[in-house]
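The following exercises concern charged pairs and helix packing. Each task is followed by a solution in steps.

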Amino acid sequence: MNQHSLTTATEAQAIEEFRSDVLRGLSQRRKRLSSKYFYDEEGSRIFDQICELDEYYVTRTEMQIMERHVEEMADAIGPNSMIIEPGAGSSLKTRLLLEHAAPGTSYVPIDISREHLFRCAEQIAFDFPQINVTPLHADFCQSIDLPPEADNGQRRVVYFPGSTIGNFEVPVAQRLLEQIAHLVQPDGGLLIGFDLRKDVNVLERAYDDRRGVTAAFNLNLLHRINNELGGTFDIENFRHRAIFNENASRIEMHLVSECEQTARVGDHQFHFEKGESICTEYSHKYSIEDFSDMLERAGFQEQQLWIDPRKYFAIGYYNL
């Protein structure tokens with residue numbers, strides 16, 4: 001595994017893209033920042049803490065489903081397959097899948113957080129010496145070209161856990177599923193987790209925990225802007241808020257200005273009224289029917305579906 005030869009963009013290019021997205025998002029009438037920038041080194045560390053919170057049912061419930069059904073999932077993927085994981089992060093759930101993987105399996109984790117990606121990939125390669133691990137530093141929201149050394153003609157299966165698909169507005173999520181279909185090609189597959197509609201109180205507690213870990217995760221995005229882009233955000237003057245938007249069937253995370261203030265990013269100045277917010281994340285919650293319709297429009301056909309007893313979360317396997 002050569003971590004230096006697989007980077008699709010230089011660090012300078014990544015910073016410039018970050019700067020461009022931040023400036024564009026903060027210049028909108030309703031200020032926005034992309035949730036993909038949560039995951040720098042510190043953000044990835046805090047997110048691992050979130051996954052252990054009592055209130056954050058998502059990871060725990062998905063793991064319970066996988067522990068019960070991982071052999072069926074591995075059988076669905078089959079032998080001589082390349083498992084591609086967009087937004088791999090710490091790959092905790094992936095380890096369970098790889099433990100049951102059929103012979104001839106390879107693994108391509110993709111993530112925007114370079115250091116975190118390569119460190120986790122190196123550990124997986126050490127722990128699973130029978131599996132060829134080829135990390136790819138890239139933004140999976142863009143078109144993905146697999147590195148030549150990763151592509152040896154295996155059947156491609158994208159593994160997309162954690163309800164990451166819910167972070168995208170529905171039209172964008174639809175396009176992403178179509179990009180995945182293009183990536184895996186005919187005869188490819190998709191193993192994907194998605195969060196289901198449920199009681200609002202359960203949802204809002206999951207994204208606004210009593211210990212403030214999710215608040216720290218959200219506020220870290222401003223720390224990152226200050227550190228990497230020369231920002232002047234006063235972190236103490238912003239607070240975390242998470243609300244459920246019933247009409248859009250999604251949790252929305254915001255950073256709310258506690259006072260009238262101005263912040264700079266390099267040479268650009270941004271004014272905030274008291275109570276004005278920056279939207280930092282959407283997390284859509286789906287019905288089984290609505291999500292199945294999206295996958296069918298992307299060309300996927302449902303093969304198997306696994307749901308926990310409370311009907312909080314679902315994992316589906318689909319063939320193209």
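**Salt bridges and a helix contact**

A search of the whole structure, which is a predicted model, finds 19 salt bridges.

**Exercise 1.** Determine which parts of the chain are tied together by the salt bridge between glutamate 17 and lysine 36, and state how accessible each partner is.

*Solution.*
- Step 1. The closest N and O atoms of glutamate 17 and lysine 36 are 3.5 Å apart, and the cut-off for a salt bridge is 4 Å.
- Step 2. Glutamate 17 belongs to helix 1 (residues 11-26), whereas lysine 36 lies in the loop between helix 1 and helix 2 (41-50); the pair therefore ties together parts 19 residues apart in sequence.
- Step 3. Glutamate 17 has a relative accessible area of 35% and is partly exposed.
- Step 4. Lysine 36 has a relative accessibility of 17% and counts as buried, since buried means under 20%.

**Exercise 2.** Identify what the salt bridge between lysine 36 and aspartate 139 connects.

*Solution.*
- Step 1. In this pair, the closest N and O atoms are 2.5 Å apart.
- Step 2. Aspartate 139 is found in the loop between strand 4 (136-137) and strand 5 (155-160), and lysine 36 in the loop between helix 1 and helix 2, so the salt bridge links parts that are 103 residues apart in sequence.
- Step 3. Both lysine 36 and aspartate 139 are buried.

**Exercise 3.** Is each partner in the salt bridge of glutamate 252 with arginine 250 buried or exposed? State also which residues are joined into one network by salt bridges that share partners.

*Solution.*
- Step 1. Glutamate 252 and arginine 250 form a salt bridge whose closest N and O atoms are 3.0 Å apart.
- Step 2. Glutamate 252 is buried, at a relative accessible area of 9%; arginine 250 also counts as buried, at 11% relative accessibility.
- Step 3. Through shared partners, salt bridges join Glu17, Asp21, Arg24, Lys36 and Asp139 into one network.

**Exercise 4.** Describe how helix 2 and helix 5 (residues 114-127) pack, and classify the residues in their contact.

*Solution.*
- Step 1. Two packed helices are described by the angle between their axes and the distance between the axes.
- Step 2. For helix 2 and helix 5, the angle is about 55° and the axes are 8 Å apart.
- Step 3. The two helices are therefore oblique to each other.
- Step 4. Helix 2 contributes Glu41, Ser44 and Asp48 to the contact, and helix 5 contributes Glu115, His116 and Arg119.
- Step 5. By class, this contact has four charged residues, two polar residues and no nonpolar residues.

Notes: Residues are numbered from 1 along each chain as its sequence is written. This is a predicted model: local features need pLDDT of at least 70, side-chain atom pairs count only at pLDDT 80 or more; totals for chains, interfaces and linings use all residues. Side-chain values use heavy atoms; hydrogens and water are left out. A salt bridge is a side-chain nitrogen of Lys or Arg within 4 Å of a carboxyl oxygen of Asp or Glu. Helices (H or I, at least four residues) and strands (E, at least two) are DSSP runs, numbered from the N terminus. Buried means under 20% relative accessible area, exposed over 50%, partly exposed in between (1.4 Å probe, protein chains only). Axes are lines fitted to C-alpha atoms, for helices over the stretch in contact, and angles run from 0 to 180 degrees between N-to-C directions. Angles under 35 degrees count as roughly parallel, over 145 as roughly antiparallel, 65 to 115 as roughly perpendicular and the rest as oblique. Contact means heavy atoms within 4.5 Å. Ala, Val, Leu, Ile, Met, Phe, Trp, Tyr, Cys and Pro count as nonpolar, Asp, Glu, Lys and Arg as charged, and the others, Gly among them, as polar.
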